[in-house]
Each structure stands twice: as structure tokens, then as C-alpha cells.
Amino acid sequence: MAQLVAADIDPNAYVNLGIGMPTLVADCLDPSRGIVLHSENGILGMRGLEAGEEPDPDLMNATKDPVMLTPGASITDHVVSFSMMRGGHLDLTILGAFQVSGRGDLANWDTGQADSIPAVGGAMDLAAGARKVFVMMQHQDKDGAPKIVPECTYPLTGAGVVDRIYTDLAVVDVQPGGLLVRGMVRGLAFEQLQLRTGVPLRRADDCAVLEP
């Protein structure tokens with residue numbers, strides 16, 4: 001999933017990686033494409049650790065994973081970091097999600113369950129401020145229920161903000177006319193994907209076969 005997302009990022013883009021699964025994208029980027037990674041805790045210009053590289057305990061991303069700085073990187077306080085997020089300076093943010101609606105509504109900070117710990121962090125700022133929003137998530141929850149739904153039942157992070165969804169089963173674009181499947185994992189029939197999705201899907205004419 002992270003490799004698919006990395007391949008779809010425009011060269012020289014400024015990209016925020018949200019907490020959790022999105023941080024894996026850092027390990028899949030080609031340095032020659034000039035993509036600059038942002039972390040809401042105040043890093044602009046980072047990369048994942050290479051094999052055998054010794055981590056610096058003072059350098060970590062928003063998920064608290066160790067990272068390294070790239071040439072020209074900067075460290076800022078939260079005020080400057082959030083100004084980048086809120087001011088429309090990021091080309092793309094990649095976020096995890098509990099639910100995404102067929103209209104691109106995003107719920108990713110609170111399940112509303114009694115034992116949950118709400119943690120919005122900078123997600124609302126990113127969803128509202130980034131020029132484009134990609135979501136990475138499992139296609140179904142642990143109980144087998146669709147995470148792509150007609151209406152989000154969890155508290156919203158943002159309304160109509162999601163542009164593309166990457167799951168373990170498919171890549172789906174959110175369009176004004178509904179959800180368009182751009183790719184599906186090999187061996188999965190479109191009808192099977194539809195059964196696992198809570199809203200109607202359309203299949204692109206050039207729908208790609210994704211290797212699991």
C-alpha cells in the first residue's frame with residue numbers, strides 16, 4: 001500500500017505523513033524525485049532510516065518513529081509547523097482513517113467508544129489546509145464491516161476532503177459523481193469488492209491490477 005501511495009506522489013511535492021500507516025511511505029520514496037516530507041511535530045525534510053543506520057534519539061516523526069534529516073531540512077516549533085499546515089503550503093497529506101464516506105468525508109480521530117482515547121492532533125488542520133488528501137486504511141474493520149460508508153458514524157475530521165483512498169483491496173478516487181475504482185488487488189472480482197464496500201462503486205476503464 002505504501003509503495004502505491006509513494007508512486008502516486010508528484011515530484012517535488014511537499015507532503016505531510018500522518019500518524020501510523022502513512023509513515024511507511026517515507027521508506028518507499030525515490031530521493032531523486034525531490035519529495036519533501038513534513039511532520040507536524042516540526043520537521044520539514046526527513047527520510048526513513050536506512051538498513052543498519054543508527055537512529056538519533058532526538059529525531060523522530062509524529063508517530064515517534066526515528067527519522068533522519070535530508071539536506072536542507074529545517075526544524076521548527078509547533079506554531080510554524082501548523083502555519084504550514086493551515087496556510088495551504090502542503091501539496092498533499094496522507095492520513096489514516098476509521099471511516100470515509102462516499103462524498104469524501106473523513107473520520108479519523110475518535111470512534112466514540114467508551115474506552116477510546118480521542119486524539120485529533122493536527123488531522124483537522126491537515127484535512128482543511130492541504131491541497132490534496134490521500135487516505136490509507138484497511139478496507140474493512142476488525143468485525144468485517146465496510147470502512148467506506150454512506151455516512152460516517154464517527155465524529156468528522158473534515159467534510160468532503162478526501163481525494164483518493166488506498167486500502168488493502170483497492171485504490172479508489174472520490175469524484176463528484178461517486179467513487180471510481182482505479183485499481184484492485186489481483187484475484188479480487190469487482191463484485192467481491194462491491195460487497196465489501198458500503199457505497200456503490202464504478203470501475204475505471206483502465207482499472208489496474210494491483211499485486212498484493
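This report describes the strands, the nonpolar core and the cysteines of a predicted model.

**The ten-strand sheet**

An open sheet of 10 strands runs in the order 4-3-2-1-5-8-10-11-12-13, and its pairing is mixed. Strand 4 (68–75) and strand 13 (201–210) occupy the edges; each has a single partner strand, so one side of each is left without a neighbour in the sheet. From one strand to the next, the twist averages 25°. Within this order, strand 11 (residues 170–175) pairs with strand 12 (residues 178–185) in the antiparallel sense, over six bridges. Opposite V172 stands V181, a residue of strand 12.

**The three-strand sheet**

Three strands form an open sheet with the order 7-6-9, again with mixed pairing. Its edge strands are strand 7 (106–107) and strand 9 (148–149), each of which pairs on one side only. Strand 6 (residues 99–101) pairs with strand 9 in the parallel sense, and two bridges join them. V100 has I148 in strand 9 as its bridge partner.

Strand 7 contains L106. With a relative accessible area of 0%, L106 falls under the 20% limit and is therefore buried. Leaving aside residues up to four places away in sequence, L106 touches L95, G96, A97, Q99, V100, A127, V135, L156, T157, G158, V161 and V162. One of these contacts, L95, lies 11 residues from L106 in sequence. The C-alpha atoms of L106 and L95 are 9.5 Å apart.

**The nonpolar core**

The largest nonpolar core has 53 residues, and V25 and I94 are those with the most contacts inside it. V25 touches I94 itself, together with A2, V5, A6, I9, L17 and M136, when residues up to four places away in sequence are not counted.

**Cysteines and accessibility**

A disulfide is a covalent bond between the sulfur atoms of two cysteines. Searching the whole structure yields zero disulfides. C28 is partly exposed because its relative accessibility of 31% lies between the limits of 20% and 50%. C207, at 14%, is under 20% and so counts as buried.

The table sets out the accessibility of the three residues discussed above.

| Residue | Relative accessible area | Class |
|---|---|---|
| C28 | 31% | partly exposed |
| C207 | 14% | buried |
| L106 | 0% | buried |

Notes
Residues are numbered from 1 along each chain as its sequence is written. This is a predicted model: local features need pLDDT of at least 70, side-chain atom pairs count only at pLDDT 80 or more; totals for chains, interfaces and linings use all residues. Side-chain values use heavy atoms; hydrogens and water are left out. A disulfide is a pair of cysteine sulfur atoms within 2.5 Å. Buried means under 20% relative accessible area, exposed over 50%, partly exposed in between (1.4 Å probe, protein chains only). A nonpolar core is a set of buried Ala, Val, Leu, Ile, Met, Phe, Trp, Tyr and Cys residues joined through side-chain atoms within 4.5 Å. Contact means heavy atoms within 4.5 Å. Two strands pair if DSSP finds at least two bridges between them. Helices (H or I, at least four residues) and strands (E, at least two) are DSSP runs, numbered from the N terminus. Axes are lines fitted to C-alpha atoms, for helices over the stretch in contact, and angles run from 0 to 180 degrees between N-to-C directions.
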